[in-house]
Amino acid sequence: MGWHNLSAQWQDAILILMSLSPVIIGLAGSLLFYKPILAVRALILGHPKFHVGFVLMLAVSVAIGVAVLSQERAIRSGTAQAAGPFDLILTAPGSAIDRLLAVVYLQPSDMPLLDAAAYFSVADHARVDFAAPLAFGDSYANSPVVGTIEAFVNHMAQFAGDQTTAYRFLNITDAVIGARVPLSVGDNFSPSHGMVGDPTAVTHDALVYTVAQQLPMTGSPWDRAILVPIEGIWKVHALPTGHAPGIEQLGPPFDPLYFPGTPAILVRANELWANYALRSEFDGPEVMAFFPGAVLAQLHALVADMRQVLSVMSWMTQILVLSGILLSLSVLVRVISRRLGVLIAMGASHRFIMALVWTYAMVIVLTGVLIGVFFGFGLSALLSDQLTQMTDIRISAALGPAEFLFVSAFLGVTALLALLPAYWSVPRDVQKTLRM
Amino acid sequence: MNIVCTDLQVKEPLGGALLDIPHWSAQSGDQLAITGPSGAGKSTLLSVLAGLRMPTLGCVRVGDDDLTRLSTSQLAAYRGDVLGLIMQEAVLFEELSVWNNLRILNTCSRTPIDLHRARRLLEAVALNPTQLTVRLSGGERQRLALVRCLVRNPQIVLADEPTANLDEHNAQLVMGMLLEYSTSHRATLVVVSHESRVLSQFARIDRLDRGKLEGGNGLA
């Protein structure tokens with residue numbers, strides 16, 4: 001079985017184990033053959049402040065590395081997860097990234113409208129399960145108010161794991177709120193004409209919505225959105241309501257003659273494979289059809305390039321830290337040389353002294369690394385929490401193979417490099433060392 | 001255990017002679033002192049006998065072995081199993097307890113220490129095993145160093161100014177135990193000192209001056 005036939009998990013596990021092998025073999029050999037723990041304890045207790053400083057320096061360095069790696073993956077995963085419900089999006093041509101940010105992540109943006117022809121070419125397509133118009137531009141407090149249809153609301157609910165509840169717009173003033181909207185079922189509110197944070201927004205006093213239902217948590221900015229019938233949005237902006245006058249219907253089918261346009265359409269194909277055909281079919285000079293996942297992949301690829309740069313910087317930092325460790329250990333070896341000399345005078349072999357100093361180095365490095373991993377995860381969790389609060393995208397910090405590989409490689413290299421101060425530690429002139 | 005040094009020369013890196021001793025020996029159970037002015041080479045001789053320093057020329061035969069021909073691991077075994085060494089300033093592991101300062105010997109040598117003997121020796125020098133070494137007085141520290149030296153029943157005991165920093169009481173206790181141990185175990189005892197209170201306890205005193213033996217009792 002070749003390397004490429006192994007699963008990613010096995011590859012990671014083997015790499016981590018290989019990286020750690022100098023540590024495992026070294027520690028096992030040292031503990032088994034030399035049993036230096038008491039002497040290690042004596043050396044460590046000998047200079048507590050030095051060791052605490054050393055361990056903290058190491059912990060901070062490892063924590064930053066672990067936090068950067070973990071956070072980067074958490075952001076990638078969170079943003080991809082948030083884009084989950086959006087299979088294929090149609091908007092007016094422009095920057096796909098701008099449109100992605102506006103539609104998927106609800107970032108305020110001025111979006112030209114797609115006309116009735118565009119909408120009906122999609123909505124009436126045989127391979128389309130539903131085509132949900134999405135109308136942005138209004139808000140309430142910090143929540144964007146989005147006009148849409150029931151199918152979209154139920155689609156979001158199913159994505160959030162609620163397969164049973166039927167979400168309905170029974171009245172034009174019904175609102176379904178996201179899980180993080182600070183309103184309750186039964187509350188009334190009037191939206192403002194303007195996006196979230198717009199100081200010039202004017203309240204639509206003529207329209208009072210009633211919260212009818214609340215969606216479960218999706219882990220996306222849509223948790224802060226208020227979904228309302230698109231007819232109400234059109235109506236309050238003095239546009240046709242999508243239906244002939246006198247018809248009080250909510251949702252499709254819309255009347256092409258009274259369809260005023262929509263900034264975006266979410267397309268749900270009846271078969272997964274049909275999405276590709278639909279995108280090819282609809283993408284053109286008047287309409288931009290894109291997969292959010294594909295745009296996100298481009299963004300992540302860009303971020304990945306930056307990550308490479310960060311990764312190189314991180315490794316350079318680690319090399320500097322390793323050099324610092326070596327230097328510190330070399331200094332420390334001089335500080336403890338008299339004690340090592342005494343051990344030699346009491347019968348310790350040179351090999352024992354090397355094993356002792358190496359084990360001692362690895363004990364303090366391991367302590368620093370373990371604390372660093374713990375702090376790094378904590379830092380990442382803190383950042384994730386802050387980012388989730390700021391963006392409403394559920395960003396979950398977790399330790400993964402990348403962090404473990406980073407830490408194990410760091411430990412492996414340190415274990416090999418620590419052989420140098422261990423070798424240097426054997427006093428060449430014991431008489432002088434002991435000041436005899 | 002017999003010690004025989006032949007044509008022993010220790011030179012400084014630049015060539016100056018630290019030791020130049022054509023012949024020197026001590027038999028099992030011998031108790032002897034080495035004295036001389038500062039820089040005479042007393043401590044250098046002791047470190048050569050301890051296998052901590054190799055002579056430039058000559059051989060140091062201890063029992064059947066020539067120390068100059070032993071490997072580093074054989075020398076370590078010699079120091080661990082045959083030799084007991086006391087220095088003027090006791091170098092101890094301050095943050096460990098008195099007891100652990102003895103237990104640490106087990107990490108250095110293949111032969112474990114006799115724990116009952118260790119306790120008896122600590123009682124003899126009135127040391128509390130659980131006490132932290134950092135809290136010991138100068139006299140107590142040297143007494144602990146003495147116990148550490150004797151606990152493995154060495155056949156050769158080398159002591160470098162063992163009473164230099166001690167008051168009369170502690171000096172008597174340390175010297176008394178060294179002499180008593182040497183007598184009871186037929187161990188070779190070599191003490192470097194220039195204190196008359198120490199020298200007066202030895203029948204054989206070898207004098208070193210500028211690396212050469214001036215003569216003395218028991219010189220072969």
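**Group meeting: chains A and B**

Arg339(A) and Glu95(B) join their side chains in a salt bridge, with 3.2 Å from N to O. I start there, and I should say at once that this is a predicted model.

Let me stay with the two chains. How many salt bridges does the rule find across the interface of chain B and chain A? Two. The contact itself draws on 28 residues of chain B and 25 residues of chain A. Together the chains bury about 2500 Å², and carbon and sulfur atoms account for 66% of that. On the chain B side, Phe93(B), Glu95(B) and Thr107(B) supply 24% of the area buried against chain A, more than any other three residues. So you have met one of them already: Glu95(B) is the partner of Arg339(A) in the salt bridge I opened with.

Next, chain A by itself. The domain assignment splits chain A into domain 1, residues 3-81 + 303-434, and domain 2, residues 88-290. Nine residues from domain 1 of chain A and nine residues from domain 2 of chain A make the contact. Their C-alpha centres are 52 Å apart. Between these two domains about 740 Å² is buried, with 42% of it from carbon and sulfur atoms. Gln81(A), Asp392(A) and Arg394(A) supply 64% of what domain 1 buries against domain 2, more than any other three residues. And salt bridges between the two domains of chain A? The count is zero.

Now helix α6 of chain A, residues 150-159. Which of its residues are buried? They are Phe152(A), Val153(A), Asn154(A), His155(A), Met156(A) and Ala157(A). The cover over them includes five strands of chain A: β2 (128-140), β3 (143-148), β4 (174-177), β9 (226-229) and β10 (264-269). Just after α6(A) comes Gly161(A), which has a positive phi of about 105°.

Last, the surface. Val60(A), Ile64(A), Val68(A), Val309(A), Leu310(A) and Met313(A) form a nonpolar patch there, and their accessible area together is about 530 Å². Two helices of chain A, α3 (48-82) and α9 (292-335), each give the patch at least two residues. Take Val60(A), which sits in helix α3 of chain A. Why does Val60(A) count as partly exposed? Because its relative accessibility is 48%, and partly exposed covers the range between under 20%, which is buried, and over 50%, which is exposed.

That is the tour.

Terms used
Residues are numbered from 1 along each chain as its sequence is written. Chains are lettered from A and ligands numbered from 1 in the order in which they are written. This is a predicted model: local features need pLDDT of at least 70, side-chain atom pairs count only at pLDDT 80 or more; totals for chains, interfaces and linings use all residues. Side-chain values use heavy atoms; hydrogens and water are left out. Patches are made of residues with over 30% relative accessible area and no salt bridge: like charges are joined within 9 Å, nonpolar side chains (Val, Leu, Ile, Met, Phe, Trp, Tyr) within 5 Å. Accessible areas come from the Shrake-Rupley method with a 1.4 Å probe; for residues, only the protein chains shown count as cover. A salt bridge is a side-chain nitrogen of Lys or Arg within 4 Å of a carboxyl oxygen of Asp or Glu. Helices (H or I, at least four residues) and strands (E, at least two) are DSSP runs, numbered from the N terminus. Buried means under 20% relative accessible area, exposed over 50%, partly exposed in between (1.4 Å probe, protein chains only). Domain bounds come from an automatic or database domain assignment. Contact means heavy atoms within 4.5 Å. Buried area is the accessible area (1.4 Å probe) that two parts lose on being put together, summed over both.
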